[in-house]
Amino acid sequence: MTVEPSQKVLTSSRRKFSGETVIGIALLLLALLFYWMAVLRIDLHRTSFLDLGPYPDAVEYFGQANSILRHGQPTIQIGYDRLPSRYPPGYPTLMLPWLSCLPHHSIYAPFRTNQTIGLLLLLGFFFLYLGYEKPLAGGVATLLLASQPAFITYSRASMSDLSGAAAAVLAFALVYSGLTSRRRWLLYAAAVVLGLSLSIRPQLLFFGPLLISMALFPGFRSRWHWLLHCVSILLAFLLAASPYFLLNWSEFGHPLRTGYDFWVPSLTDRQMPFSLHNLPRQFAMLWQEASATRTQFRVSNLFGTGTYFVPGFVLLSLLGLAFCRFTRFTFSALLAGMTFFVATTTYSFVDGRFFMPLQFLLVPIATLPVLWVLRGGQTFRRRLFSLSILLLYLFSCAGYPSQSAFPPKANRIQAWDALQGLGTRGRSPRYQAVIEFRRAFSAHPGVVFSNIDPVYLNALLPSHFVAAPIDEKHSYAFSRLWHYGKSEATALLENEISLHHPVYALRVPPTNPAKNSGPLPDVAGYSWQRNAISHPGLEVMTLVSNPNSSGPPPPALHRP
């Protein structure tokens with residue numbers, strides 16, 4: 001029996017599709033297995049993550065989430081005062097589903113939120129490619145994303161950076177799908193996602209040029225029709241972004257003012273957030289990452305190896321630009337990406353995490369040369385070049401060569417260090433102190449003076465407790481509009497005595513002895529008595545009246 005040429009082509013394409021599908025799914029499963037081993041299986045209770053570092057970022061995110069759930073407002077609590085946060089409420093809002101159902105006093109919510117976002121990113125990458133019948137490309141891209149050090153680190157973290165990067169990726173994916181399938185509503189969805197993302201990371205505003213994709217959309221009936229949609233997509237973006245600016249207006253009196261103006265006005269007065277003077281420092285940081293020569297401690301050291309990307313990924317991304325086809329999408333995407341890159345390189349805060357959205361968006365570009373090799377683009381004369389591309393991909397997935405830990409150790413393999421749990425060792429002394437205190441005194445609510453961050457304590461303690469600093473040595477001492485020092489602590493103490501409320505002191509050894517608080521607030525006729533649950537890592541004291549004092553005694557407490 002003879003086979004027609006059309007049947008041969010169909011059979012060949014089916015075999016190719018079947019083979020690519022099997023390889024793509026295998027790479028996806030490998031990426032998910034690595035993600036489970038490096039992120040999902042970590043026992044958070046055995047790590048220092050539950051301290052919610054760095055201060056005050058992660059603490060304020062968690063405090064806002066608890067405030068939204070309890071009071072319907074994204075505030076932080078210090079003493080009896082509910083105050084605005086430095087940071088926007090988008091990421092705390094994403095915590096709410098986990099916050100409402102988790103045990104352990106919901107402290108796992110920030111981590112479960114990022115773990116979920118990371119998992120959705122991996123699946124989203126693969127199924128987006130699969131929807132366009134590119135399973136092999138989906139598998140290659142998903143494995144490359146899963147092995148990025150920054151992706152692993154911030155999937156473990158209690159920070160907003162991963163959710164901000166995910167929002168940017170989603171906006172780009174919607175624009176790509178809208179232009180490819182000629183569905184205009186997907187472009188409007190991208191505008192809404194990009195607008196809402198400002199409530200997570202305001203710097204994502206610089207991806208705004210992505211909306212030029214509407215002007216490039218094919219098939220408009222007339223110029224008026226074209227102009228109507230161009231204006232409409234801007235309105236959709238502005239409406240989606242408006243909650244963030246309205247919140248700033250209501251809290252700080254101006255839509256462009258933020259919590260930094262409230263808490264650290266000297267910082268915002270002293271320097272512009274974006275300046276060309278920041279270029280040398282930003283490029284020095286990027287070069288240290290690309291050449292694996294960093295020397296500084298970074299936020300990423302708290303949750304992982306301290307590395308964001310490796311040299312192989314940079315080379316693959318640069319090489320992938322040569323494989324890009326110039327389309328309506330690539331024009332709008334490159335314009336948005338370059339705008340974001342230029343803005344971020346002039347930002348006053350220098351940290352590789354601010355470039356994470358670009359890093360994730362470069363993953364599809366970095367996979368293009370790999371796909372060229374896997375699909376037979378190589379010839380005999382180009383075999384060495386093809387082998388070099390495959391080695392770059394393998395080195396990028398393995399994360400070699402790179403640096404890990406602090407002080408940085410050279411010639412490390414990121415994948416191996418991630419599987420070994422580098423950056424996850426240790427315990428959380430602050431969280432353990434809160435748990436012991438809750439267990440002992442939950443039946444006797446009162447005011448707690450502590451050297452533990454008051455926002456952290458108020459979020460973890462039951463709502464009938466109130467936590468306040470011991471004195472002015474805390475992370476909220478630089479505001480011109482709100483002040484808490486020794487006199488405020490003494491006034492709070494006197495008020496609680498007059499109301500016959502129990503008064504406690506809770507102290508842990510500070511990580512930085514130079515920031516140790518002074519003596520506890522004192523009132524005549526009362527003294528502090530060390531409690532039986534105290535030990536070298538935890539000091540708990542209760543306020544008691546002196547025997548000869550005429551003042552009202554605090555309520556009697558049952559000794560634990």
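**Exercise 1. Is Asn-411 buried or exposed, and what is unusual about its backbone?**

Start with accessibility. In this predicted model, Asn-411 has a relative accessible area of 56%. The cut-off for exposed is over 50%, so Asn-411 is exposed. Next, place the residue: Asn-411 sits in strand E4. Finally, look at the backbone. Most residues other than glycine have a negative phi. Asn-411 is not a glycine, yet its phi is positive, at about 60°.

Now try the same steps on Arg-182. This residue belongs to the loop between H7 and H8. Its phi is about 60°, again positive in a residue that is not a glycine. Arg-182 has a relative accessible area of 56% and is therefore exposed. For one further case, go to the end of H4: just after this helix, Glu-133 takes a positive phi of about 55°.

**Exercise 2. Find where the cis peptide bonds from Tyr-55 to Pro-56 and from Phe-406 to Pro-407 lie.**

Begin with a reminder: most peptide bonds are trans. The bond from Tyr-55 to Pro-56 is cis, and its omega is near 0°. Pro-56 falls in the loop between helix H1 (5–40) and helix H2 (57–71). The bond from Phe-406 to Pro-407 is cis too, with omega near -5°. Here the loop is the one between strand E3 (402–404) and strand E4 (409–412).

**Exercise 3. Check the span of helix H8 (residues 184–197), then work out what its buried residues pack against.**

Step one is the expected span. H8 has 14 residues, and at 1.5 Å a residue it should span 20 Å. The end C-alpha atoms are 20 Å apart, so the two values agree. Step two is burial: the buried residues of H8 include Leu-186, Leu-187, Ala-190, Val-193 and Leu-194. Step three is the partners. The buried residues pack against helix H7 (161–181), helix H9 (213–216) and helix H10 (223–252).

For practice, repeat step one on helix H4 (residues 109–131). Its 23 residues should span 33 Å, and the end C-alpha atoms are 32 Å apart, which agrees.

**Exercise 4. Classify the ring pairs Phe-217 with Phe-220 and Phe-437 with Phe-441.**

A pair of aromatic rings is described by the distance of the centres and the angle of the planes. The model has 38 aromatic pairs. For Phe-217 and Phe-220, the centres are 6.1 Å apart and the planes stand at 70°, so this pair is edge-to-face. Both Phe-217 and Phe-220 are buried.

For Phe-437 and Phe-441, the centres are 5.1 Å apart and the planes are at 40°, so the pair is tilted. Where do these two rings sit along helix H20 (residues 429–441)? Phe-437 and Phe-441 are four residues apart in H20, about one helical turn. Phe-437 is buried at 0% relative accessible area, and Phe-441 is buried at 0% as well.

**Exercise 5. Work out the strand order of the five-stranded sheet and find its edges.**

Build the sheet pair by pair. Strand E7 (residues 503–507) and strand E9 (residues 539–545) are antiparallel, with four bridges between them. In this pairing Arg-507 stands opposite Glu-539, and Tyr-504 has Thr-542 as its bridge partner. Strand E8 (residues 526–530) also runs antiparallel to E9, joined by five bridges; Ser-527 is partnered by Val-544 of E9.

Put together, the order is E6-E5-E7-E9-E8, an open sheet with mixed pairing. Strand E6 (466–469) and E8 each have a single partner strand, so they stand at the edges with one side lacking a neighbour in the sheet. From one strand to the next, the twist averages 30°.

Last, add the helices. H20 lies across strand E5 (447–450), E7 and E9, at about 155° to E7. Helix H22 (residues 486–498) lies across E5, E6, E7, E8 and E9, at about 155° to E5.

**Exercise 6. Which residues does Phe-151 touch, leaving out those up to four places away in sequence?**

First locate Phe-151: this residue lies in helix H6 (residues 149–155) and is buried at 0% relative accessibility. Then list its contacts, which are Tyr-35, Gly-118, Leu-121, Leu-122, Leu-145, Ala-146, Leu-162 and Phe-360.

Conventions: Residues are numbered from 1 along each chain as its sequence is written. This is a predicted model: local features need pLDDT of at least 70, side-chain atom pairs count only at pLDDT 80 or more; totals for chains, interfaces and linings use all residues. Side-chain values use heavy atoms; hydrogens and water are left out. Rings of Phe, Tyr and Trp (its six-membered ring) pair if their centres lie within 6.5 Å; planes under 30 degrees apart count as stacked, over 60 as edge-to-face and the rest as tilted. Buried means under 20% relative accessible area, exposed over 50%, partly exposed in between (1.4 Å probe, protein chains only). Contact means heavy atoms within 4.5 Å. The expected span of a helix is 1.5 Å times one less than its number of residues. Two strands pair if DSSP finds at least two bridges between them. Axes are lines fitted to C-alpha atoms, for helices over the stretch in contact, and angles run from 0 to 180 degrees between N-to-C directions.
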